[in-house]
Amino acid sequence: MTEDKMRLQKYLALCGVASRRAAEKLIVDGRIAVNGVVVTELGTKVSSGDKVTFDGKPVSGGESKIYIALNKPTGVLSSASDDRGRRTVVDLVSGDFPDGVRLYPVGRLDYDTEGLIFLTNDGDFTYKVTHPKHSINKTYEAVINGRLTEDEIVSLCRGVDIGDFVTSPAVADIIREEKDKSVVQITIHEGKNRQVRKMFEAVGHRVLKLKRISVGNVKLGNLKSGKWRELSEREIKILKGTAK
Ligand code: URA
């Protein structure tokens with residue numbers, strides 16, 4: 001946690017002690033102490049350095065599984081750390097979690113791509129979502145220079161040679177056309193490095209702006225740039241392939 005204070009029940013929930021509702025009961029029942037003092041007030045807030053205990057045992061953030069969807073801004077790295085000190089997706093969210101929580105990005109977006117990216121501490125989830133055999137659809141909104149011809153759309157949809165790889169069938173729809181640029185929605189299920197940019201390059205267009213708007217069943221929706229939300233149980237189950 002950073003300087004920002006967090007409500008005790010949220011802290012307990014993020015640490016995997018109990019759901020927020022159940023954590024409220026633990027507090028009211030006098031089973032939680034902060035810095036050695038039992039607290040029964042639901043408004044209590046904790047911050048970095050506070051020692052929280054449940055029935056006398058220390059609570060830390062390491063045990064619970066956390067799954068979040070972040071709207072990554074451009075100019076932020078989708079890695080856990082950077083040896084050149086650039087801001088990462090983990091830097092954007094870590095202040096909102098207890099100190100013991102270590103989150104990692106699921107897959108990657110380019111430095112200059114914005115949009116939906118998941119972060120979790122569940123390696124199994126990361127494996128399932130990123131493994132090619134699960135073929136999870138990813139939809140992007142691309143602003144490109146010029147206009148696509150019918151033939152170019154057909155090529156994108158059938159698969160194009162991006163140098164070291166021929167892409168699988170994709171879905172591409174023109175959303176808007178302006179004088180010298182177009183907005184195109186494209187859905188792919190592979191995740192080759194700079195794949196969408198290379199696909200448009202292969203048919204003679206440059207991507208001016210790229211935003212990921214959905215991954216599998218999860219949509220970016222109106223999540224603001226730099227903000228995150230927790231994935232619902234259902235979203236997690238569908239992504240893991242344990243629910244339809
Ligand atoms: N394709 C790209 O070209 N860039 C991304 O960040 C994601 C997909």
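Modeller: A pocket is, on a 1 Å grid over the protein atoms alone, an open set of points where a 1.4 Å probe fits, with protein on both sides within 12 Å along at least five of seven lines. In this predicted model, local features need pLDDT of at least 70 and side-chain atom pairs 80 or more, while totals for chains, interfaces and linings use all residues. Residues are numbered from 1 along each chain, and side-chain values use heavy atoms, without hydrogens and water.

Biologist: Which pocket does the ligand take up?

Modeller: The ligand occupies the largest pocket.

Biologist: What surrounds the ligand?

Modeller: Leu 109, Asp 110, Thr 113, Tyr 140, Arg 194, Gln 195, Val 196, Arg 197 and Leu 210 surround the ligand, each with a heavy atom within 4 Å. Helix α6 (residues 195-202) gives the largest share of this shell, three residues.

Biologist: Why is the approach of Asp 110 to the ligand called a polar contact?

Modeller: The term requires a pair of N or O atoms within 3.5 Å. A ligand nitrogen lies 2.7 Å from a side-chain N or O atom of Asp 110, so the pair qualifies. A ligand oxygen is 2.9 Å from such an atom of Thr 113, and another value, 3.4 Å, separates a ligand oxygen from a backbone N or O atom of Gln 195. The protein buries 95% of the 240 Å² that the ligand exposes when taken alone.

Biologist: What makes Arg 31 and Asp 55 a salt bridge?

Modeller: A side-chain nitrogen of Lys or Arg must lie within 4 Å of a carboxyl oxygen of Asp or Glu. Their side chains meet at 2.7 Å, N to O, so the criterion is met. The two residues are 24 residues apart.

Terms used
A polar contact is a pair of N or O atoms within 3.5 Å; within protein, one must be able to donate a hydrogen and the other to accept it, and residues adjacent in sequence count only if both atoms are side-chain atoms. Accessible areas come from the Shrake-Rupley method with a 1.4 Å probe; for residues, only the protein chains shown count as cover. On a 1 Å grid over the protein atoms alone, a cavity is a set of points where a 1.4 Å probe fits but cannot get out, and a pocket is an open set with protein on both sides within 12 Å along at least five of seven lines; lining residues have an atom within 4 Å of a point. A molecule sits in a cavity or pocket if more than half of its atoms lie within 2 Å of its grid points. Helices (H or I, at least four residues) and strands (E, at least two) are DSSP runs, numbered from the N terminus.
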